[in-house]
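Hi there,

Here is the model I promised to pass on to you. Have a look at it first, and then read my notes below.

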Number of protein chains: 2
Amino acid sequence: MKVTERKSEIITIASQLFREKGYSAITMRDIAQAMDIKAASLYNHIKSKQEILVLIIIEIAEEFTTVMNQIVSSEVSSIEKIKKVIHLHIDITLRNPDALACLNNDWMHLEDKDLNYFLKMRTDYEENFRKIVKQGIASEQIKNLNQEVIIFSTLSTLRTLYLWYNKAKSLNDKVLKNDLEEILLKGIV
Amino acid sequence: MKVTERKSEIITIASQLFREKGYSAITMRDIAQAMDIKAASLYNHIKSKQEILVLIIIEIAEEFTTVMNQIVSSEVSSIEKIKKVIHLHIDITLRNPDALACLNNDWMHLEDKDLNYFLKMRTDYEENFRKIVKQGIASEQIKNLNQEVIIFSTLSTLRTLYLWYNKAKSLNDKVLKNDLEEILLKGIV
DNA sequence: ATAGTAAACTAACAATTGTTAGTTAAAATT
DNA sequence: AATTTTAACTAACAATTGTTAGTTTACTAT
């Protein structure tokens, strides 16, 4: 199933619009207008509004899943694994901030098997992260604080990176990675 | 302008529904059904769908604004101020997780002066937080890392606390405050 | 040149949207 | 007891929604 030029234009523009007002608030006419065509013309390229959402979200989710699996099964310390997770989020966010916003805010509008597939990936991702943290606490590389609090405080920051994209853009990619690592691992004090 | 019993019921139920699918995806008929009445009956209590959104969001935003102003002008160290900000977020989140989700996800559907008012409060809030961090760096209580990265990593976690409400609920309020303080200030390593 | 394809168009649809008007029944106030 | 208020109802509206059908236009391959 080849993704044509025009089709990926739709996905890009839809991501931007979905990001601004959410999937439900954006109409096919909005998307069409942003592309300077009529709403009906969109259907030459995509099969439904829902398909656009699926294409935006699932690809990103799969990338997270793939790389997280590699990280978990790699032979490095827990701390190094967490650093890799931080880099993963920064990389994807800088490359695709709108799609990430959409993934974060509109995943619940996925339907049927796409929704289930997404939720499975999300749960697995968190479970993998939990594994890393557990391992880190067991090996005393990570402080023995409440595990869930560690997980959510870290993931919260990583998942909402897209909100700070504009500031992050003006930052050097290296500085961002470095300072974020430092803050998430060693705190601000 | 007194808020009647029934009116606050609508606000509570609407918050829950908005949280699940977003403002745009929830219809007046959805809200009515959840209250076991007809959509038209809602208009005996509220003047529009938009008014519901305003009532949900603005009250919370004003509470953040008020308390943040108190914190900034209090005579304690930067670290103590940040601790107070952490407690502020935890307190409001535990008390009102649905409204907070709504504030985070649906603020862009506010209109005209309500939108401007909200954005002003949000900017001021961030500016106040920035002041605290600046002061902390200047007095060498806070590490000299990129200021914006410190701000966004902290606020990201605090703003999405509502996502972890269920886990947080099972936690002791004191433990949550303590561990979150520790993590945000001194890191996990 | 001819035929085929890609991608736009117009027109229209059935369903759903927020909201209003007018009515009714019960509760509260006079 | 009479009146007003509260809060529900039914019915309907005009606008907007995602989508389909059928048509047209221009480029591509034969």
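**Protein and DNA**

Of the atoms of DNA strand C that lie within 4 Å of the protein, 56% belong to sugar or phosphate, and the rest belong to bases. Before going further, note that this is a predicted model, in which local features need pLDDT of at least 70 and side-chain atom pairs count only at pLDDT 80 or more, while totals for chains, interfaces and linings use all residues. Residues are numbered from 1 along each chain as its sequence is written, chains are lettered from A and ligands numbered from 1 in the order in which they are written, and side-chain values use heavy atoms, with hydrogens and water left out.

DNA strand C is surrounded by 16 residues (a residue is near a strand if one of its heavy atoms lies within 4 Å of it). The closest are A:Lys38, A:Asn44, A:His45, B:Thr27 and B:Tyr43. Helices α3 (39–42) of chain A and α2 (28–35) of chain B each supply at least two residues of this surface; helices here are DSSP runs of H or I with at least four residues, numbered from the N terminus. By class, the surface near DNA strand C divides into six nonpolar, five polar and five charged residues. In that scheme Ala, Val, Leu, Ile, Met, Phe, Trp, Tyr, Cys and Pro count as nonpolar, Asp, Glu, Lys and Arg as charged, and the others, Gly among them, as polar.

Phosphate oxygens of DNA strand C have polar side-chain atoms beside them: one of A:His45 at 2.5 Å, one of A:Arg6 at 2.7 Å and one of A:Ser41 at 2.8 Å.

On DNA strand D, A:Thr27, A:Tyr43, B:Lys38, B:Asn44 and B:His45 come nearest among the 16 residues around it. Here 55% of the strand atoms within 4 Å of the protein belong to sugar or phosphate, with the rest in bases. A polar backbone atom of A:Met28 is 2.9 Å from a phosphate oxygen of DNA strand D, and an N or O atom in the side chain of B:Arg6 is 2.7 Å from a phosphate oxygen of that strand. A:Arg29 reaches a base instead: a polar side-chain atom of this residue lies 2.9 Å from a base nitrogen of DNA strand D.

**Chain A and chain B**

Between the two chains, 40 residues of chain A are in contact with 41 residues of chain B (heavy atoms within 4.5 Å). The buried area is about 3900 Å², and carbon and sulfur atoms give 67% of it; this is the accessible area (1.4 Å probe) that two parts lose on being put together, summed over both.

There are two salt bridges between the chains (a side-chain nitrogen of Lys or Arg within 4 Å of a carboxyl oxygen of Asp or Glu). One of them joins the side chains of A:Glu182 and B:Lys143, at 3.2 Å from N to O. The side of chain A that touches chain B has 19 nonpolar, 10 polar and 11 charged residues.

**Symmetry**

How do the copies relate? Chain A superposes on chain B by a rotation of 180 degrees with 0.0 Å of shift along its axis, at RMSD 0.0 Å (least squares on the C-alpha atoms of residues with pLDDT of at least 70 in both). The two copies are therefore related as by a two-fold rotation axis. The C-alpha of A:Gly187 comes closest to that axis among the residues of chain A, at 1.8 Å.

Best wishes

Terms used:
Polar contact = N/O pair within 3.5 Å; in protein donor to acceptor, adjacent residues only side chain to side chain.
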